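Let us take a walk through a molecular structure together. Keep the picture open as you read, and turn it whenever a new part is named.

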Amino acid sequence: MPSGPLINIARHGSYLCVSYELRVTARCLAEDLGRPGDDPFSRLANHEIVVAFINRRRDSPEDTRQVAPLSTGRTVYRLAYGNRHRGATWYDEANRVVWLLAYAQHDFAAAGDAFPYFKELDAADRLLPTADDYRALFEARAARFAEVVAFEAANLLSAARASPGTERRAIIAGQLAVGLVVEIVEDLEGVEEITVALRLEDLTPESLPILLAALFPDSAFDDIQTPTSLAGRVLGKNEIGYRALIER
Amino acid sequence: MSVVVRLPEDLYASARRIASLQGRQAADLLSEAWAEYLDVHREQFASDFEEAAQLLRSGDTQGLTELAGRSVKDRAEEAARAARE
């Protein structure tokens, strides 16, 4: 059973940060690091470039020095460990992930410069993550969400019940920003009204009904309303609200 | 019977593109798009809600994982395509 937020730890193929995660593309894993495609992140953590990846990208997904120019037009940052180890990372903001796209040893005398290699990968459309990389990312997120949604939804409800009328916030499974308020219904003994606001950018068509089912387990779907405010504030344009009466 | 959906990646990308063309806020278009999506897919959404409630009651984490990941393949292909735009 999870006991707290999944932050700054390796979990399967990811290293989980506060608002995004670090991952290595399958091509980089196999060809540049010489590791199996399903190697968990924790087994990579002793590699010099992965040490740098965690230390340099854990708190900030971006950097200053870029690998440029690239045909993709993406802003790809340089990553360095010591004098020899070089990597290329891309912050995929839409999907909240920093990818380690490529790695090479920077050695002019022997193996050559790392950055021409990165540009060759770019020119061959082999630098950016593939559909298989995204599939692995989304599957891992689905598994994490399923694993903790009931526990974290219950925790949020419990916190909100401790201070009725006050909005409490959480990021469920590190993925879905939720604001929730519990209000006592004075005319109906033992009944409370639960209102929740969800950030649209975080939702998937499947996470929404699962989260609502975790928060309103005994409600019929048709009994769940869609309010436009929560705890006295109007919901933002990037939010969607749901409300139901719950018998305690 | 699952419904193929293309939320959220292409929706977000489309919202940003259209918003920039129309001089509108992406958040406005995103909100409208989600409202329309939920309206059009109301029956599927209700069905998923009932299925999720049953899976949660029975503690079926594997079933929940499958439900949570049902549109993964489509979303992954869309995300890879969007990365190259």
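What follows goes from the two chains, to the places where they touch, to a few single residues.

Before anything else, please remember that this is a predicted model. Start with chain A, which has 248 residues, 41% of them counting as buried. Chain A contains six helices and 12 strands. If you draw a box around its C-alpha atoms along the principal axes, the box is roughly 80 × 35 × 25 Å. The domain assignment splits chain A into domain 1, residues 9-129, and domain 2, residues 148-247. The centres of domain 1 and domain 2 of chain A, taken over C-alpha atoms, are separated by 38 Å. You can also ask which residues of the sequence meet each other in the fold. Among contacts in chain A with a separation of 6 or more, 53% are between residues 24 or more positions apart.

Now turn to chain B, which is built from five helices and zero strands. Following its sequence, you read the pattern α-α-α-α-α. Chain B has 85 residues, and 31% of them count as buried. For chain B, residues 24 or more positions apart make up 43% of the contacts with a separation of 6 or more.

How many residues does each chain bring to the contact between them? Chain B gives 37 residues and chain A gives 35 residues. On the chain B side, the helices α1 (9-22), α2 (26-40), α3 (42-58), α4 (61-68) and α5 each supply at least two residues. Sorted by class, this side of chain B has 22 nonpolar, five polar and 10 charged residues.

Let us look at two helix pairs that bridge the chains. Two packed helices are described by the angle between their axes and the distance between the axes. The first pair to look at is helix α5 of chain A, residues 131-162, with helix α5 of chain B, residues 72-83. Their axes come within 8 Å and cross at roughly 135 degrees. That angle makes α5(A) oblique to α5(B), and the crossing is right-handed. On the α5(A) side, the residues that meet the partner helix are A:A131, A:Y134, A:R135, A:F138, A:E139 and A:A142. On the α5(B) side they are B:V72, B:K73, B:R75, B:A76, B:E77, B:A79 and B:A80. By class, this contact of α5(A) with α5(B) has eight nonpolar, no polar and five charged residues.

The other pair is α6(A) with α3(B), whose axes are 8 Å apart and pack at an angle of about 50 degrees. These two helices are therefore oblique to each other, and α6(A) and α3(B) cross in a right-handed way. From α6(A), the contact uses A:P209, A:I210, A:L212, A:A213 and A:A214, while α3(B) offers B:F45, B:D48, B:F49, B:A52, B:A53 and B:L56. These residues divide into 10 nonpolar, no polar and one charged.

Why is helix α6 of chain A described as largely enclosed by the rest of the structure? Nine of the nine residues of this helix, 207-215, are buried, so the rest of the structure largely encloses it. Among the buried residues of α6(A) are A:S207, A:L208 and A:L215.

One of these helix residues has a partner from far along the sequence. A:A154 and A:A214 are 60 residues apart in sequence, and their C-alpha atoms are 7.8 Å apart in space. A:A154 belongs to helix α5 of chain A, and it counts as partly exposed because it has 13 C-beta neighbours inside 10 Å. In chain B, look for B:L30 in helix α2. B:L30 is buried, with 22 other C-beta atoms within 10 Å.

Finally, visit some loops of chain A. A cis peptide bond, with omega about -5 degrees, joins A:A68 and A:P69. You will find A:P69 in the loop between α3 (48-57) and β4 (76-81). A:H12, in the loop between β1 (9-11) and β2 (14-16), has a positive phi of about 55 degrees although it is not a glycine. A:R96 also has a positive phi of about 55 degrees without being a glycine, and A:R96 sits in the loop between β5 (85-92) and β6 (97-105).

Methods. Residues numbered from 1 in each chain as written. Chains lettered and ligands numbered in written order. Predicted model: local features only at pLDDT ≥ 70, side-chain atom pairs only at ≥ 80, totals over all residues. Axes fitted to C-alpha atoms, helices over the stretch in contact; angles between N-to-C directions. Helix = DSSP H or I, 4+ residues; strand = E, 2+ residues; numbered from the N terminus. Parallel < 35°, antiparallel > 145°, perpendicular 65-115°, else oblique. Left-handed = near helix turned anticlockwise from the far one by under 90°. Contact = placed C-beta atoms within 7 Å. Nonpolar A, V, L, I, M, F, W, Y, C, P; charged D, E, K, R; others polar. Buried ≥ 20, exposed ≤ 12 C-beta atoms within 10 Å, placed from the backbone. Domains from an automatic or database assignment.
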